[in-house]
Amino acid sequence: MSEKIQMERHNYDVVVIGAGGAGLRAAVEARTAGLRVAIICKSLFGKAHTVMAEGGVAASMGNVNENDGWKVHFRDTMRGGKFLNHYRMAELHAKEAPDRVWELELWGALFDRTAEGKISQRNFGGHEYPRLAHVGDRTGLELIRTMQQKIVAMQQQDKKDHGDAESFIKVFAEVTVTEVLKENGKVSGVYGYKRENGVEVLFEAQAVILATGGVGKTFKITSNSWEGTGDGHALALKAGGNLVDMEFLQFHPTGMVWPPSVRGILVTESVRGEGGVLTNNKGERFMFKYIPDVFKDKYADNEAEADRWYVDQDNNRRPPELLPRDEVARAINTEVKAGRGSEHGGVFLDVSKRLTEEVIKKRLPSMWHQFYELAGVDITKEAMEVGPTCHYVMGGVEVDPDTAAAVGVPGLFAAGEVAGGMHGSNRLGGNSLSDLLVFGRRAGAGAADYVKQSQPTKVSESAIKNAQEKIAAPFKRTGGENPYSLHQELQEITHNLVGIIRTKTELADAINKIANIRKRIENVSVAGNRLFNPGFHLSFDLDNMLLVAESTAKSAIVREESRGGHTRDDFPTMDAKWRTLNNITSFNGKEVVVKQQGLPSMPSELFDLFDIHELEKYMSKEETAKGGR
Amino acid sequence: MAKNIKLRIWRGDANTGKLEDVSVEANEGEVVLDVIHRVQATQMGDLAVRWNCKAGKCGSCSMEINGKPRLACMTQVANYADDETITITPLRAFPVIKDLVTDVSFNYKKAMEVESFTPPADLKPGAARMQQIDVERSQEFRKCIECFLCQDTCHVIRDHEENKKSFAGPRFFIRIAELDMHPLDMLKNRKQKAQEEHGLGMCNITKCCTEVCPEHIRITDNAIIPMKERVVDIKYDPVRWLGSKIRKREGIV
Ligand SMILES: Cc1cc2nc3c(=O)[nH]c(=O)nc-3n(C[C@H](O)[C@H](O)[C@H](O)COP(=O)(O)OP(=O)(O)OC[C@H]3O[C@@H](n4cnc5c(N)ncnc54)[C@H](O)[C@@H]3O)c2cc1C
Ligand code: SF4
Ligand code: SF4
Ligand code: FES
């Protein structure tokens with residue numbers, strides 16, 4: 001590209017990167033606080049990954065079982081995360097989720113109802129009571145559309161009040177942010193390019209909220225859309241922020257496995273919540289064999305009791321199909337490795353024997369559609385073939401729980417999947433959508449407070465020039481590496497060496513191989529020009545995915561235990577010492593560095609919510625003896 | 001098993017373009033989006049196409065396949081005969097940006113013109129009580145994934161740029177119907193406005209929109225026709241229906 005670089009310049013109080021649930025909720029809050037907000041996203045408005053969420057949003061409204069409440073939800077979340085969660089995030093989340101869901105109703109959301117006309121709630125793995133508010137199996141779409149329409153409503157109001165709909169909130173769709181800019185140690189804005197035509201864009205802003213979602217595309221088999229390339233994780237690292245516990249990745253137990261073109265696409269947990277049963281090729285309902293000791297008193301160990309639970313939850317233990325996801329994913333993995341898998345390397349999930357055709361089509365409409373259209377399977381009559389798929393990253397940007405401010409970078413905030421700490425070593429289903437709402441709102445408020453208290457900084461010419469050079473680089477090279485093949489190579493490495501079951505040797509191998517790709521990525525060249533050029537777009541995503549993969553592999557190799565979304569074949573059990581430690585990743589400009597940091601311990605009012613015998617399963621004697629802070 | 005298939009893909013930009021023939025491998029069970037991706041990765045690195053979920057949930061991969069508006073991620077290659085050339089072109093109703101990517105901003109402008117959801121001013125969080133049967137009618141329309149295939153196919157705007165100004169299109173007729181049937185929406189005269197301000201009158205119920213909708217929303221039968229039939233809006237006292245939790249449907253007082 002020899003022509004002169006075109007650049008647009010914008011000025012806002014707050015820039016939100018991401019138009020998923022977290023980003024939109026943050027934008028609503030910052031606008032409500034009176035600030036001017038830009039929302040930037042890589043896809044069209046309304047298409048962010050949140051749109052794919054199916055099962056529901058967790059909030060202890062107690063509409064179906066009135067014994068539910070924030071304390072129960074808090075306990076379930078900590079248990080699910082194997083007590084590695086940041087207690088304060090789990091506490092805020094459990095307390096505020098119901099208000100965040102009810103608020104959506106005032107913005108037009110239409111959740112499914114109970115007989116009394118309240119918001120209906122469904123069962124999900126790891127949740128003690130029916131807790132997930134839902135709309136069939138398209139809850140994410142309802143969330144996105146509701147907030148998209150809320151933003152339109154605010155814009156219409158701004159038009160009435162100020163004459164211009166976009167005077168306070170503007171959506172910049174199909175723009176990729178390549179850099180968070182800083183001056184004198186503080187955030188000063190972001191830089192990026194328009195995907196449509198490659199025109200570059202500078203946003204000057206005092207506060208930047210990362211709401212960029214997950215990292216699934218780093219892996220070969222994933223339920224994530226192409227946007228899940230870990231951009232926010234990488235942007236935070238490059239801006240001097242930290243990531244916590246990047247070794248924890250959630251492999252969802254049930255992804256489609258056949259045909260190959262749909263491998264990884266999610267089969268919602270609601271299928272099991274609604275009564276779906278897992279069997280191996282011998283017809284055995286194998287999950288009964290895999291109930292870990294810590295969960296023995298909560299899960300049924302025989303079919304009769306498990307089946308009774310669907311009609312009487314007060315007097316029976318839950319079926320083991322509803323164990324937390326990490327347990328179910330490992331169980332499926334073991335069954336398949338032992339030769340008891342289905343023809344295409346999965347296991348069977350069957351809901352047709354428990355529910356009628358009519359009920360299945362009503363409660364699981366998009367699952368029926370998905371299997372019928374893409375796999376030629378009618379789930380009202382036959383079993384689905386399913387297997388684990390990379391679904392969610394628990395690790396993420398280290399933040400202050402109350403304000404969502406990124407640790408170490410004044411002016412930077414993070415919320416949603418890109419933020420770490422909330423889910424510990426394993427996230428419960430439904431806890432992400434609620435996380436987006438609770439912490440999206442807090443990030444918007446945190447950024448608004450920050451803007452009101454600090455002075456704007458100007459972006460320097462040198463920072464702009466620097467960002468421009470990086471964008472131009474792939475076009476200046478010719479005959480270099482093809483970004484598509486490098487991406488495939490990276491996915492093979494992560495899949496084979498940093499997957500569900502890990503070992504020291506394989507992780508060391510992965511770290512070397514990732515370093516090797518890092519060298520080669522410097523030679524990536526792209527065909528064509530800047531006009532909507534996917535190869536060019538991928539070359540940036542690739543750089544981010546490499547940083548993520550490196551962070552994951554380097555965190556995984558030091559954590560010598562198995563917990564939640566991190567399983568080491570060479571250290572197969574939990575270690576109470578590691579429960580007290582977070583792995584903190586930073587970036588020194590050349591490579592990722594991992595160090596350990598103590599996890600804050602629970603104050604006594606939270607500590608005392610648990611039965612001490614339960615805590616003894618996770619904590620050392622000294623810790624339980626000491627009690628809460 | 002793997003076989004080679006023939007594609008004819010439209011390539012170009014706002015100014016110029018042409019159909020290009022390629023041959024590409026296709027495997028069992030693959031959809032059109034898969035083979036487009038393979039062309040991209042192996043033969044045309046800069047081939048522009050939108051997609052996100054690859055599961056029919058986001059409505060990004062809209063294009064025309066053999067002239068029919070479709071989601072590429074939900075269209076099986078096996079639907080076409082082995083020796084058939086599959087022709088892939090961008091949505092015709094919207095201006096091309098590049099290759100298969102079009103400028104759909106028309107739809108976002110129209111969304112801005114529909115008056116927003118207007119709940120009762122004193123409704124408290126968590127206080128709403130609605131029966132499933134009452135929310136279901138609007139829920140059908142809220143299934144919309146905004147793929148804009150219905151907009152693309154509607155003859156009122158497909159080849160009539162001049163109609164775009166005064167015609168919101170089927171996607172927004174169901175949005176208005178959704179709000180109109182929403183048990184908590186208080187705004188009056190939505191139907192009338194659909195007629196007078198959003199061009200409902202220009203629709204002559206050909207049902208082409210319903211036919212292409214990947215979410216199987218009965219756009220014409222359940223939204224357009226009922227609104228056309230009842231442009232005279234008879235609203236009743238909101239306090240009364242909220243209090244007695246009866247359905248918000250004109251006529252039931
Ligand atoms: C199939 C599926 C089903 C799920 N079901 C559930 C469920 O039932 N319940 C639940 O709680 N959770 C569920 N999850 C998880 C949940 O959907 C996600 O964790 C959540 O939606 C993430 O939301 P987010 O707002 O953090 O980011 P996303 O929705 O992923 O949005 C990220 C945004 O950031 C933008 N972005 C990213 N990088 C850049 C960049 N460089 N420049 C500009 N913009 C950028 C993207 O364009 C996008 O707009 C599911 C996930 C999947 C994959
Ligand atoms: S029914 Fe009306 S809106 Fe639908 S395609 Fe025909 S003219 Fe257009
Ligand atoms: S109504 Fe159907 S065809 Fe039209 S935009 Fe919505 S999902 Fe697409
Ligand atoms: S890619 Fe989402 S609908 Fe096709």
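Tutor: In this predicted model, Ala, Val, Leu, Ile, Met, Phe, Trp, Tyr, Cys and Pro count as nonpolar, Asp, Glu, Lys and Arg as charged, and the others, Gly among them, as polar.

Student: How do the residues lining the second largest cavity divide under that scheme?

Tutor: They divide into 10 nonpolar, 4 polar and 3 charged. Of the 17 lining residues, B:Arg50, B:Ser60, B:Ser62, B:Leu91 and B:Thr102 lie nearest the centre. Strand 3 (62–65) and strand 7 (101–102) of chain B are the elements that give two or more residues to this lining.

Student: What makes this space a cavity rather than a pocket?

Tutor: A 1.4 Å probe fits at its points but cannot get out, and therefore the term is cavity. Its volume is about 130 Å³, and the structure holds 8 cavities of 30 Å³ or more.

Student: Which domains of chain B contribute to the lining of the second largest cavity?

Tutor: Domain 1 (3–102) and domain 2 (105–247) of chain B each supply at least three residues.

Student: Why is the sheet with the order 1-10-9-8 in chain A called open?

Tutor: Strand 1 (7–11) and strand 8 (175–183) of chain A each have a single partner strand, so one side of each lacks a neighbour in the sheet. The twist from one strand to the next averages 20°.

Student: How do you know that strand 1 and strand 10 of chain A pair?

Tutor: Pairing requires at least two bridges. Strand 1 and strand 10 (residues 200–204) of chain A have 5 bridges, in the parallel sense. A:Asn11 stands opposite A:Glu204 in strand 10 of chain A.

Methods
Residues numbered from 1 in each chain as written. Chains lettered and ligands numbered in written order. Predicted model: local features only at pLDDT ≥ 70, side-chain atom pairs only at ≥ 80, totals over all residues. Heavy atoms only, no water. 1 Å grid on protein atoms, 1.4 Å probe; cavity = no way out; pocket = protein on both sides within 12 Å on 5 of 7 lines; lining within 4 Å. Points joined across faces, edges and corners; volume = space filled by probe spheres on them. Helix = DSSP H or I, 4+ residues; strand = E, 2+ residues; numbered from the N terminus. Domains from an automatic or database assignment. Axes fitted to C-alpha atoms, helices over the stretch in contact; angles between N-to-C directions.
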